[in-house]
Amino acid sequence: MKLTRHLAIGLGAVILAAGATLVALSVGTATMAPDVAYTRLDGSAARTSDLKGKVVLVNFWATSCTTCVKEMPQIIATHKKYAGKGFDTLAVAMSYDPPAYVVNFAQSRQLPFTVVIDNLGHMAQQFGDVQLTPTTVLINKRGEIVKRYVGEPDFAALHALIDRLIAEA
């Protein structure tokens with residue numbers, strides 16, 4: 001009887017703590033996107049902070065990832081739809097992806113956005129230790145992470161969110 005009561009009290013405390021965490025997250029504790037240096041495929045250097053003031057989609061992917069390859073035409077279409085409206089895309093190839101494969105993929109698919117090879121895994125680590133591909137992170141104009149998708153996003157919902165973020169002052 002006492003054990004059951006203690007378990008019920010403990011379970012209640014866990015539920016309350018989880019609920020408080022959800023409330024704190026929904027109240028607007030924004031997470032700032034990390035400021036990470038990277039090198040584009042053309043060899044030029046940049047930083048994620050250079051993109052502040054834009055809505056940015058950061059897509060962690062790999063040429064060996066079937067879902068990544070499947071979703072890439074939609075990532076391209078999303079980029080083209082919002083290019084010139086204060087939107088940018090970074091496609092970050094994972095550290096285990098052979099650079100020659102990434103370059104070939106980017107050239108053969110004519111990727112219209114910045115492609116980065118995360119040779120040492122620094123970007124993946126800075127963005128929450130990304131392990132699974134595809135992982136997509138959406139950042140608002142203030143440099144805050146707004147949404148994180150693991151797996152292929154619902155692109156209609158993603159576009160609605162991008163529309164809202166671009167419209168923000």
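Just after helix 2, glycine 84 takes a positive phi of about 85°. Helices (H or I, at least four residues) and strands (E, at least two) are DSSP runs, numbered from the N terminus. The structure is a predicted model, in which local features need pLDDT of at least 70 and side-chain atom pairs count only at pLDDT 80 or more, while totals for chains, interfaces and linings use all residues. Residues are numbered from 1 along each chain as its sequence is written, and side-chain values use heavy atoms, with hydrogens and water left out.

The secondary structure of the chain comprises 5 helices and 8 strands, arranged from the N terminus on as α-β-β-β-β-α-β-α-β-α-β-β-α. Of the 169 residues, 40% count as buried (under 20% relative accessible area, with exposed over 50% and partly exposed in between; 1.4 Å probe, protein chains only). Among contacts (heavy atoms within 4.5 Å) with a separation of 6 or more, 68% come from residues 24 or more positions apart.

Helix 2 spans residues 66–82. Its 17 residues reach 25 Å from the first C-alpha to the last, close to the 24 Å expected at 1.5 Å a residue (the expected span being 1.5 Å times one less than the number of residues). A kink of about 40° nevertheless lies at methionine 72, shortly before proline 73; the bend at a residue is the angle between axes fitted to the seven residues ending there and the seven starting there. The buried residues of helix 2 are Cys68, Glu71, Met72, Ile75, Ile76, Thr78, His79 and Tyr82. An α-helix has 3.6 residues a turn, so residues three or four places apart point the same way. The cover over the buried residues of helix 2 includes strand 4 (55–61), strand 5 (87–93), helix 3 (99–108), strand 7 (135–139) and helix 5 (155–167).

The structure holds 1 disulfide (a pair of cysteine sulfur atoms within 2.5 Å). This disulfide joins cysteine 65 and cysteine 68, with the sulfur atoms 2.4 Å apart. The torsion about the S-S bond is about 80°, so the disulfide is right-handed. Cysteine 65 is buried, at a relative accessible area of 9%, as is cysteine 68, at 1%.

A nonpolar core is a set of buried Ala, Val, Leu, Ile, Met, Phe, Trp, Tyr and Cys residues joined through side-chain atoms within 4.5 Å. The largest has 28 residues, and those with the most contacts inside it are Trp61, Met72, Leu111, Phe113, Val115 and Leu138. Two or more residues of this core are given by each of strand 4, helix 2, strand 5, helix 3, strand 6 (114–117) and helix 5, with helix 5 supplying the largest share, 6 residues. Leaving aside residues up to four places away in sequence, methionine 72 touches Asn59, Trp61, Phe105, Leu111 and Phe113. A second, separate core of 18 residues includes Ala33, Ala46, Phe60 and Val116.

An open sheet of 6 strands follows the order 1-8-7-4-5-6, with mixed pairing (two strands pair if DSSP finds at least two bridges between them). Strand 1 (31–32) and strand 6 are the edge strands, each pairing on one side only. In strand 4, 7 of 7 residues are buried: Val55, Leu57, Asn59 and Trp61 point one way, and Val56, Val58 and Phe60 the other. Strand 4 pairs with strand 5 in the parallel sense over 7 bridges, and tryptophan 61 stands opposite alanine 93 in strand 5. Strand 7 and strand 8 (residues 144–150) pair in the antiparallel sense over 5 bridges.
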